[in-house]
Amino acid sequence: MSEGAPQPAARRRTLRAAIFDVDGVLVASPHERAWREALAGFADPARFTTEFYQAYVAGKPRLDGARATLERLGVPEAAARVAEYATKKQALIDRLIAEGAFEAFPDAVRLAVALRAVGLKLALASSSKNVGPMLRRLTVPGGGTLLSIFDADTSGRDLPRGKPDPAIFLLAAQALNIPPADCVVVEDAPSGIQAARAGGMAALGIARLGDEELLRTAEADLVVTSLDQVDVAAIADGMLRVRPGGETPAHA
């Protein structure tokens with residue numbers, strides 16, 4: 001969080017579970033790269049910026065992301081080419097995953113481990129169907145895969161609507177057997193924050209791209225630039241706030 005930025009008032013509620021988005025939150029995945037490189041032959045890949053990805057693609061199911069990209073970039077006969085583009089993107093992401101071209105964000109791993117230690121249940125809820133293959137290749141301190149520390153994974157489900165519809169988060173809460181109102185969602189995309197709020201959940205925004213204002217506009221309960229800034233003890237007490245003083249620990 002930027003120095004001197006106003007802090008939202010702490011909201012007390014019962015928080016018994018944390019639901020994590022994956023791309024951009026838990027993992028620096030190659031999805032954005034795959035979407036961009038797959039555009040060759042459809043449009044200029046240079047037009048697919050990080051800002052474009054965050055605004056129109058992040059958090060959406062594959063076909064929805066492909067459609068949004070081609071239509072926004074004015075590709076001729078976009079609707080007829082959606083499946084082709086999505087298939088090309090998937091072939092690229094499969095190769096990048098096989099090559100291990102991704103890594104976990106250390107601050108997100110620390111937060112997940114810390115929340116589990118204070119008794120919260122954990123779930124994954126991403127529109128991506130590639131979560132399992134990626135998280136099985138990543139490990140956590142003390143051993144075990146990153147996937148293994150989560151109690152439920154509802155990623156990649158075929159749902160009628162993607163984010164900002166809350167369906168995927170509601171499925172995660174159901175899988176954990178925790179009421180939505182007792183869940184906090186960790187998201188990096190405005191559409192994900194909107195989905196959390198629509199589902200009656202608390203929303204924690206992680207702004208890794210200098211997009212704090214977008215997440216605040218989407219009505220995140222708290223926005224940070226590093227998940228190490230989150231006061232884990234306060235979450236266990238039902239509040240979302242930064243650590244005392246807002247500082248980031250030295251290990252971050």
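**Helix packing, aromatic pairs and internal space**

Helix α5 is followed by G119, a residue with a positive phi, near 100 degrees. The structure described here is a predicted model. Helix α5 itself spans residues 106–117, which makes 12 residues. From the first C-alpha to the last, α5 reaches 16 Å, close to the 16 Å expected at 1.5 Å a residue. Its buried residues are D107, A108, V109, L111, A112 and L115. In an α-helix there are 3.6 residues a turn, so residues three or four places apart point the same way. The cover over the buried residues of α5 includes strands β1 (17–20), β3 (103–104), β4 (121–124) and β7 (202–206), together with helix α10 (232–236).

Helix α3 (residues 62–72) can be read in a similar way. Here G65, A66, A68, T69 and L70 are buried, and the buried residues of α3 pack against α1 (31–38), α2 (50–57) and α4 (78–98). Just after α3 comes G74, with a positive phi of about 70 degrees.

Positive phi values also occur at two residues that are not glycine. Most residues other than glycine have a negative phi, and most peptide bonds are trans. E77, in the loop between α3 and α4, has a positive phi of about 50 degrees. Its relative accessibility is 67%, above the 50% cut-off, so E77 counts as exposed. N177 lies in the loop between α7 and β6 (183–187) and has a positive phi of about 60 degrees. With 64% relative accessibility, N177 also counts as exposed. A cis peptide bond is found between K163 and P164, where omega is about 20 degrees. P164 belongs to the loop between β5 (152–153) and α7 (167–176).

Turning to the aromatic side chains, a search of the whole structure gives 6 aromatic pairs. One of them joins F42 and Y85, whose ring centres are 5.3 Å apart and whose planes meet at 55 degrees, so the pair is tilted. This pair links distant parts of the chain: F42 is in the loop between α1 and α2, Y85 is in helix α4, and 43 residues separate them. F42 and Y85 are both buried. F48 and F52 form another tilted pair, with 5.3 Å from centre to centre and 50 degrees between the planes. Both F48 and F52 are buried, and with Y53 and Y56 they make up one aromatic cluster. Elsewhere, R208 lies over the face of F105, 3.8 Å from the ring centre.

The remaining results concern empty space. Rolling a probe the size of a water molecule over the atoms shows where such space is left. The largest pocket has a volume of about 380 Å³ and is lined by 28 residues, with K60, P61, R62, S127 and S128 nearest its centre. Helices α1, α2, α3 and α4 are the elements that give two or more residues to this lining. The largest share, 4 residues, comes from α4.

Enclosed space is present too, in the form of 2 cavities of 30 Å³ or more. The largest cavity has a volume of about 80 Å³. Its lining is made by G59, P61, S127, R157, L159, R161, G162, K163, D165 and I168. P61 and S127 thus line this cavity and are also among the residues nearest the centre of the largest pocket. K163, another lining residue of the cavity, is joined to P164 by the cis peptide bond.

Definitions and conventions:
Residues numbered from 1 in each chain as written. Heavy atoms only, no water. Expected span 1.5 Å × (residues − 1). Buried < 20%, exposed > 50% of the residue type's maximum accessible area, 1.4 Å probe, protein only. Contact = heavy atoms within 4.5 Å. Phe/Tyr/Trp six-rings, centres within 6.5 Å; stacked < 30°, edge-to-face > 60°. Lys NZ or Arg CZ within 6 Å of the ring centre and 35° of its normal. 1 Å grid on protein atoms, 1.4 Å probe; cavity = no way out; pocket = protein on both sides within 12 Å on 5 of 7 lines; lining within 4 Å. Points joined across faces, edges and corners; volume = space filled by probe spheres on them.
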